[in-house]
Amino acid sequence: MHEFSVASSLINICLEKAKENNAIKITNIKVKIGKLSGIEPHFLKEAFEVVKAGTIAEKCEFEYFLQDVVVYCNECKKESNVSENIFICMHCKSRDIRVIDGEELFLMNLELEN
Ligand SMILES: [Zn+2]
(Lines give C-alpha, C1' and ligand atoms only; values in the text may rest on other atoms or scores of the structure.)
Protein backbone atom coordinates (compact mmCIF):
# COMPACT_ATOMS: atom_id res chain seq x y z
CA MET A 1 0.00 0.00 0.00
CA HIS A 2 1.34 3.37 -1.09
CA GLU A 3 0.23 5.06 2.13
CA PHE A 4 2.61 2.94 4.18
CA SER A 5 5.72 4.26 2.49
CA VAL A 6 4.33 7.78 2.76
CA ALA A 7 3.64 7.26 6.47
CA SER A 8 7.16 5.90 7.07
CA SER A 9 8.85 8.84 5.40
CA LEU A 10 6.56 11.18 7.30
CA ILE A 11 7.39 9.66 10.68
CA ASN A 12 11.10 9.77 9.82
CA ILE A 13 10.93 13.47 9.02
CA CYS A 14 9.05 14.11 12.27
CA LEU A 15 11.47 12.08 14.38
CA GLU A 16 14.39 13.87 12.81
CA LYS A 17 12.90 17.27 13.57
CA ALA A 18 12.15 16.17 17.13
CA LYS A 19 15.76 15.09 17.53
CA GLU A 20 17.06 18.42 16.18
CA ASN A 21 14.98 20.15 18.82
CA ASN A 22 15.91 17.74 21.61
CA ALA A 23 12.27 16.84 22.11
CA ILE A 24 11.28 13.83 24.15
CA LYS A 25 7.80 13.55 22.74
CA ILE A 26 5.81 14.43 19.64
CA THR A 27 2.30 15.43 20.63
CA ASN A 28 0.69 16.58 17.41
CA ILE A 29 1.31 16.26 13.70
CA LYS A 30 -0.64 18.16 11.12
CA VAL A 31 -0.35 17.53 7.41
CA LYS A 32 -1.83 18.92 4.26
CA ILE A 33 -2.88 16.31 1.73
CA GLY A 34 -3.19 17.50 -1.84
CA LYS A 35 -6.22 16.15 -3.66
CA LEU A 36 -3.93 15.20 -6.54
CA SER A 37 -1.44 13.41 -4.32
CA GLY A 38 -3.23 10.08 -4.69
CA ILE A 39 -3.13 9.62 -0.92
CA GLU A 40 -6.22 8.33 0.83
CA PRO A 41 -6.38 10.24 4.12
CA HIS A 42 -7.93 7.45 6.19
CA PHE A 43 -5.41 4.90 4.89
CA LEU A 44 -2.60 7.29 5.70
CA LYS A 45 -3.98 7.78 9.18
CA GLU A 46 -4.16 4.02 9.70
CA ALA A 47 -0.66 3.51 8.34
CA PHE A 48 0.58 6.27 10.60
CA GLU A 49 -0.89 4.51 13.66
CA VAL A 50 1.26 1.51 12.77
CA VAL A 51 4.54 3.30 12.04
CA LYS A 52 4.38 5.56 15.09
CA ALA A 53 4.14 2.63 17.52
CA GLY A 54 7.18 2.37 19.75
CA THR A 55 8.48 5.83 18.84
CA ILE A 56 8.31 9.10 20.75
CA ALA A 57 5.34 9.91 18.53
CA GLU A 58 3.37 6.96 19.87
CA LYS A 59 0.76 9.11 21.59
CA CYS A 60 0.66 11.95 19.12
CA GLU A 61 -2.44 13.17 17.42
CA PHE A 62 -2.58 13.02 13.66
CA GLU A 63 -4.51 15.75 11.92
CA TYR A 64 -4.89 16.48 8.25
CA PHE A 65 -6.73 18.70 5.88
CA LEU A 66 -7.38 18.23 2.21
CA GLN A 67 -5.87 20.79 -0.11
CA ASP A 68 -7.86 21.69 -3.20
CA VAL A 69 -6.11 21.77 -6.52
CA VAL A 70 -5.06 25.32 -7.32
CA VAL A 71 -3.89 26.29 -10.79
CA TYR A 72 -2.24 29.39 -12.15
CA CYS A 73 -3.34 30.60 -15.57
CA ASN A 74 -0.61 31.74 -17.94
CA GLU A 75 -3.18 33.64 -20.03
CA CYS A 76 -5.02 35.81 -17.52
CA LYS A 77 -2.49 35.43 -14.67
CA LYS A 78 -5.15 34.46 -12.16
CA GLU A 79 -5.39 31.55 -9.78
CA SER A 80 -8.35 29.26 -9.53
CA ASN A 81 -9.44 26.22 -7.57
CA VAL A 82 -10.33 23.41 -9.90
CA SER A 83 -11.81 19.99 -9.44
CA GLU A 84 -9.44 17.04 -9.73
CA ASN A 85 -10.29 16.27 -13.32
CA ILE A 86 -11.09 19.58 -14.93
CA PHE A 87 -7.87 21.34 -15.76
CA ILE A 88 -8.91 24.68 -17.14
CA CYS A 89 -8.75 28.24 -15.84
CA MET A 90 -12.03 29.08 -14.13
CA HIS A 91 -11.75 32.74 -15.21
CA CYS A 92 -10.97 32.57 -18.94
CA LYS A 93 -11.30 28.81 -19.64
CA SER A 94 -7.74 28.65 -20.90
CA ARG A 95 -5.90 25.33 -20.76
CA ASP A 96 -2.55 27.06 -20.50
CA ILE A 97 -2.24 26.51 -16.77
CA ARG A 98 0.07 25.02 -14.22
CA VAL A 99 -0.74 23.38 -10.91
CA ILE A 100 0.59 25.38 -7.98
CA ASP A 101 -1.00 23.55 -5.06
CA GLY A 102 -2.76 20.31 -4.22
CA GLU A 103 -0.21 17.90 -5.65
CA GLU A 104 1.61 16.76 -2.58
CA LEU A 105 1.67 15.87 1.04
CA PHE A 106 3.10 18.58 3.20
CA LEU A 107 3.98 18.64 6.88
CA MET A 108 2.29 21.76 8.23
CA ASN A 109 2.87 21.60 11.93
CA LEU A 110 4.65 19.55 14.51
CA GLU A 111 4.14 19.94 18.24
CA LEU A 112 6.94 18.79 20.44
CA GLU A 113 7.49 18.38 24.12
CA ASN A 114 10.90 18.89 25.67
ZN1 LIG B 1 -7.25 32.38 -17.18
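**Close-up views of a predicted model**

**View 1. Helices α1 and α2 are oblique to each other.** In this predicted model, the axes of helix α1, which covers residues 2–20, and helix α2, which covers residues 41–52, come within 8 Å and cross at roughly 50°. Because angles under 35 degrees count as roughly parallel and those from 65 to 115 as roughly perpendicular, a crossing that falls in neither range, nor over 145, is described as oblique. The crossing of α1 and α2 is right-handed. On the side of α1, the contact is made by Glu3, Phe4, Val6, Ala7, Ser8, Leu10 and Ile11, while α2 contributes Phe43, Leu44, Ala47, Phe48, Val51 and Lys52. Sorted by character, the residues of this contact comprise ten nonpolar, one polar and two charged.

**View 2. The protein as a whole has two helices and six strands.** Read from the N terminus on, the elements follow one another as α-β-α-β-β-β-β-β. The radius of gyration of the protein is 17 Å, well over the 13 Å that the globule rule gives for 114 residues, so the protein is more spread out than a compact globule. Taken along the principal axes, the box filled by the C-alpha atoms is roughly 50 × 30 × 15 Å.

**View 3. Strands β2, β1 and β6 form an open sheet of three strands with mixed pairing.** The order across this sheet is β2-β1-β6, and β2 (61–67) and β6 (105–113) stand at the edges, each with a single partner strand, so that one side of each is left without a neighbour in the sheet. From one strand to the next, the twist averages 15°. Helix α1 lies across β1 and β6, and runs at about 40° to β6.

**View 4. Strand β1 pairs with both β2 and β6.** Strand β1, residues 25–34, is joined to β2 by seven bridges, and these two strands run parallel. Within this parallel pair, Ile29 stands opposite Phe62 in β2, and Gly34 stands opposite Gln67 in β2. The pairing of β1 with β6 is antiparallel and extends over eight bridges, with Lys25 standing opposite Glu113 in β6.

**View 5. A second open sheet of three strands has the order β4-β3-β5, with antiparallel pairing.** Here β4 and β5 (97–101) stand at the edges, and each has a single partner strand, so one side of each is left without a neighbour in the sheet. In this sheet the twist averages 40° from one strand to the next. Strand β3 pairs with β5 in the antiparallel sense over four bridges, and in β5 the bridge partner of Val71 is Val99.

**View 6. Strands β3 and β4 form a hairpin.** Strand β3, residues 69–73, and strand β4, residues 79–82, run antiparallel and are joined by four bridges. Five residues lie between the two strands of the hairpin, and Lys77, which is in the turn, has a positive phi of about 60°. Across the pairing of β3 with β4, Val71 stands opposite Ser80 in β4; Val71 also has a bridge partner in β5, namely Val99. When the strands in these views are followed residue by residue, it helps to recall that in a regular strand the side chains alternate between the two faces of the sheet.

Note on methods
Residues numbered from 1 in each chain as written. Predicted model: local features only at pLDDT ≥ 70, side-chain atom pairs only at ≥ 80, totals over all residues. Axes fitted to C-alpha atoms, helices over the stretch in contact; angles between N-to-C directions. Left-handed = near helix turned anticlockwise from the far one by under 90°. Contact = placed C-beta atoms within 7 Å. Nonpolar A, V, L, I, M, F, W, Y, C, P; charged D, E, K, R; others polar. Pairing = 2+ DSSP bridges. Rg over C-alpha atoms; globule rule 2.2 N^0.38 Å.
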